[in-house]
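Ready for some practice at reading a protein model? Grab a pencil, keep the viewer open and try each task before you look at its solution.

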Amino acid sequence: MLTIKNLKSRVEEKEILQGINLNVKPGEVHAIMGPNGSGKSTLASVLAGREEYEVTGGEVLFNGEDMLAMSPEDRARKGLFLAFQYPVEIQGVTNANFLKTAVNEVRKSKGLAPLDSKDFLVIMKEKMKLVEMDKAMTQRSVNEGFSGGEKKRNEVFQMAMLEPTLAVLDETDSGLDIDALRIVANGVNALRSKERSFIVITHYQRLLDYIVPDFVHVLYKGKIVKSGTKELALELEEKGYDWIKDEVDGVKA
Amino acid sequence: MTEDSKLINDVANSEYKWGFRFISAKKNEPEWLLEWRLRAFRHWQTMTEPKWPNVHYPVIDFQDIIYYSAPKKQIVLNSLDELDPEIKATFDKLGISLEEQKRLAGVAVDAVIDSVSVKTTFRESLAELGIIFSSFSEAVQEHPELIKKYLGSVVPHTDNFYAALNSAVFSDGSFCYIPKGVRCPMELSTYFRINSAGTGQFERTLIVADEGSFVSYLEGCTAPMRDENQLHAAVVEIYAHTDAQVKYSTVQNWYPGDKNGKGGIYNFVTKRGICAGNNAKISWTQVETGSSITWKYPSVILKGDNSVGEFYSVAVTNNYQQADTGTKMIHLGKNTKSTIISKGISGGHSNNSYRGLVRISPQSNKRTKFLSVRFILARR
Amino acid sequence: MWRDTFPYLEVNNRTATVEHEATTSKVGEDQIFYCNQRGISTEDAVGLIVNGYCKEVFNQLPMEFAVEAQKLLAISLEGSVG
């Protein structure tokens, strides 16, 4: 599905990613944890193709194709989805209209006919249940005036509509209360399948109680310094990140 | 080219350069209208071209007749195949029907598909309600008392440089009158007006809404308009009596010039309405995408108590287009209210300014207003 | 490229209420990227964003005019992005 080899990236002269290696197979859920500033969100942005993030080395293969050579929209059309940490507001564009445009663009790239309004509504109605969304929300402008929880639910709703093969969740748990967290996690779990993989980026272990990962990686200073299973997350929860920092920095010293 | 502009052209080329008497006679205008034109002309001669708009263009030689006449004959095409492919492509993108494309492009159409009969039916149903909707020169002949009463009542001939010029030399335009208590059942569009589709260089539009009436008036067309005349200086006047409502919508897409800004139209327009009576309402909505230079401030004088003025605008500029637009809301009556929503979108090397004035006079006591000006820039 | 606002307010009355808001903003890179990430091309994204931005004005237009105005806007902005 996804192979990241020695990926390096910088933003405004600052090296953030210093050689990431990661291999994600179909159906797997990988959690990426790490202290603030370790490069977690940068990794998400680089994968999605954000321009400001300059790739200075390494490669990323997505289903065997060179993903770094693709435009952001092509990556999306080929099945990459990023649930944004800070979903963007678009004034005057309804959620429904935005999603219909997106869904039909993805369909077009696959050689499928666009969905008409009726079919689209049927599908939308079904997917709305996943994140306990009401109809009014689809008629509101994209993320405009949404609460933090609504924005994150909306991200998962969009994911459900676009049916990606690889979803990257960038701190989807940040700013959520426990109820919202449960709704969002349930939505994500409902979308788990043998074909669909997830990269779940989070600072806290809490989310991983709900979305149980197959693997956990610790990112520190732009590198994956430790990998394990879900038990690693529990260990981090208990001991914090300091022992990892000590281990890494100690080695260096 | 219309008969009228041809006339002006002829006159202008004759040795009596500003032959008003001649134009007026040819158009069979009443003496008072000729006097009015002359007054405007004399006043215009004392004025200087405004330099305050944030637009830049070469000096216009107003004595050079080419600016107020159509120098070339309109080209008649035999079929749409002869149309500039770029314009044809735009027509298609806009989803304009083939028949409509022919009309707009000036392709000769045969009598069967000509829309004259449609227009006649349209006009008859309006006449039943007492609504007058005709060309300005027809109205001068048929309803001189109305024209005399309202012409210049909102935009006097002394108003500004271009309005004065327009008052002196205006060739034609539209006139609309809605009688007391009548709600105009359809949108009045300049497209349906009997005279030619071509837009005059110095157009004059006068809309009068009598007590308790309502009209929605549409000006322009989304299809790209080309014109041989570079300078356009129209005047639009709206007079709303007590309890009357006028909604005026414009979509303007005149030729903006090529990618380097060459050859576009200069559009210097004076548009103003007066809510003369209590509870009157005038609403301007405009979508401006064309012209190389646009200079336009649709305004409302809120004279009647509780009267309402609205201005909704989208102005798009791209490449080397320049736009300086906005509105004026003059609050005179008590409890008057105005809303201004202005959106400017600029891309390329274009220049897009908003200029607005809200004036609240001491004698009017209570009013609310909302002014919103926002800009968004297309990414380069 | 210039864009200026010259809002003149002359308020000669103390009881008047005037609300005034003037902002200049760019079609956000963030908004465009968000659309891109959902599979929408940059050109379509700009059209979508700009039309959304102008919606409250288009809502004032008669239905037919509004639809045409939207298409016109998209055409006018062609070549201004990328």
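One thing to know first: helices (H or I, at least four residues) and strands (E, at least two) are DSSP runs, numbered from the N terminus. Also keep in mind that this is a predicted model.

**Exercise 1: Two odd backbone angles**

Task: Find where B:N306 and A:E12 sit, and work out whether each counts as buried, partly exposed or exposed.

Solution:
- Step 1. Start with the location of B:N306: the loop between β12 (299-302) and β13 (308-317) of chain B.
- Step 2. B:N306 has a relative accessibility of 34%, and buried means under 20% while exposed means over 50%, so B:N306 is partly exposed.
- Step 3. Now go to chain A, where A:E12 is in the loop between β1 (2-11) and β2 (14-24).
- Step 4. The relative accessible area of A:E12 is 74%, which is over 50%, so A:E12 is exposed.
- Step 5. Look at phi. Most residues other than glycine have a negative phi. B:N306 is not a glycine, yet its phi is positive, about 60°. A:E12 isn't a glycine either, and its positive phi is near 45°.

**Exercise 2: A covered helix**

Task: How many of the nine residues of helix α1 (residues 40-48) of chain A are buried?

Solution:
- Step 1. Go through the helix and tick off the buried residues: A:K40, A:T42, A:L43, A:A44, A:S45, A:V46, A:L47 and A:A48.
- Step 2. That makes eight of nine, and the helix is mostly covered.
- Step 3. Step just past the end of α1(A) and you meet A:G49, with a positive phi of about 95°.

**Exercise 3: Rings that meet**

Task: Which kind of aromatic pair do B:F136 and B:F170 form, stacked, tilted or edge-to-face?

Solution:
- Step 1. Warm up with another pair. Over all chains there are 14 aromatic pairs. One of them is A:F84 with C:Y34, edge-to-face with 4.8 Å centre to centre and 70° between the planes. This pair crosses between chains: A:F84 is in the loop between β6 (80-83) and β7 (90-94) of chain A, while C:Y34 is in helix α1 (residues 29-37) of chain C. Both A:F84 and C:Y34 are buried.
- Step 2. Now the pair in the task. The ring centres of B:F136 and B:F170 are 5.3 Å apart, which is within 6.5 Å, and the planes are at 80°, which is over 60, so this pair is edge-to-face.
- Step 3. Where are the partners? B:F136 is in helix α7 (residues 136-142) of chain B and B:F170 is in the loop between α9 (161-169) and β2 (172-178), so the pair links parts of the chain 34 residues apart.
- Step 4. Check the cover. With a relative accessible area of 1%, under 20%, B:F136 is buried. B:F170 is at 2%, so B:F170 is buried too.
- Step 5. See what else B:F170 has around its ring. B:R37 lies over the face of B:F170, 4.3 Å from the ring centre. The charged end of B:R204 also sits over this ring, at 5.8 Å from the centre.

**Exercise 4: Two helices crossing**

Task: At roughly what angle do helix α3 (residues 95-109) and helix α6 (residues 148-162) of chain A cross, and which residues of the two helices meet?

Solution:
- Step 1. The axes come within 10 Å and cross at roughly 35°. The crossing is right-handed.
- Step 2. From α3(A), the residues are A:N95, A:F98, A:L99, A:A102, A:V103 and A:V106; they meet A:N154, A:F157, A:Q158, A:M161 and A:L162 of α6(A).
- Step 3. Sort this contact by class and you get eight nonpolar, three polar and no charged residues.
- Step 4. Follow A:M161 a little further: A:I123 touches A:M161 as well as A:L115, leaving out residues up to four places away in sequence. A:I123 lies in helix α4 (residues 117-130) of chain A.

**Exercise 5: A strand residue with company**

Task: Is B:E288 buried or exposed, and which residues does B:E288 contact?

Solution:
- Step 1. B:E288 is in strand β10 (residues 281-288) of chain B.
- Step 2. Its relative accessibility is 3%, which is under 20%, so B:E288 is buried.
- Step 3. Setting aside neighbours within four places in sequence, the contacts of B:E288 include B:T250, B:Q252, B:N267 and B:K296.

Key:
Residues numbered from 1 in each chain as written. Chains lettered and ligands numbered in written order. Predicted model: local features only at pLDDT ≥ 70, side-chain atom pairs only at ≥ 80, totals over all residues. Heavy atoms only, no water. Phe/Tyr/Trp six-rings, centres within 6.5 Å; stacked < 30°, edge-to-face > 60°. Buried < 20%, exposed > 50% of the residue type's maximum accessible area, 1.4 Å probe, protein only. Lys NZ or Arg CZ within 6 Å of the ring centre and 35° of its normal. Axes fitted to C-alpha atoms, helices over the stretch in contact; angles between N-to-C directions. Left-handed = near helix turned anticlockwise from the far one by under 90°. Contact = heavy atoms within 4.5 Å. Nonpolar A, V, L, I, M, F, W, Y, C, P; charged D, E, K, R; others polar.
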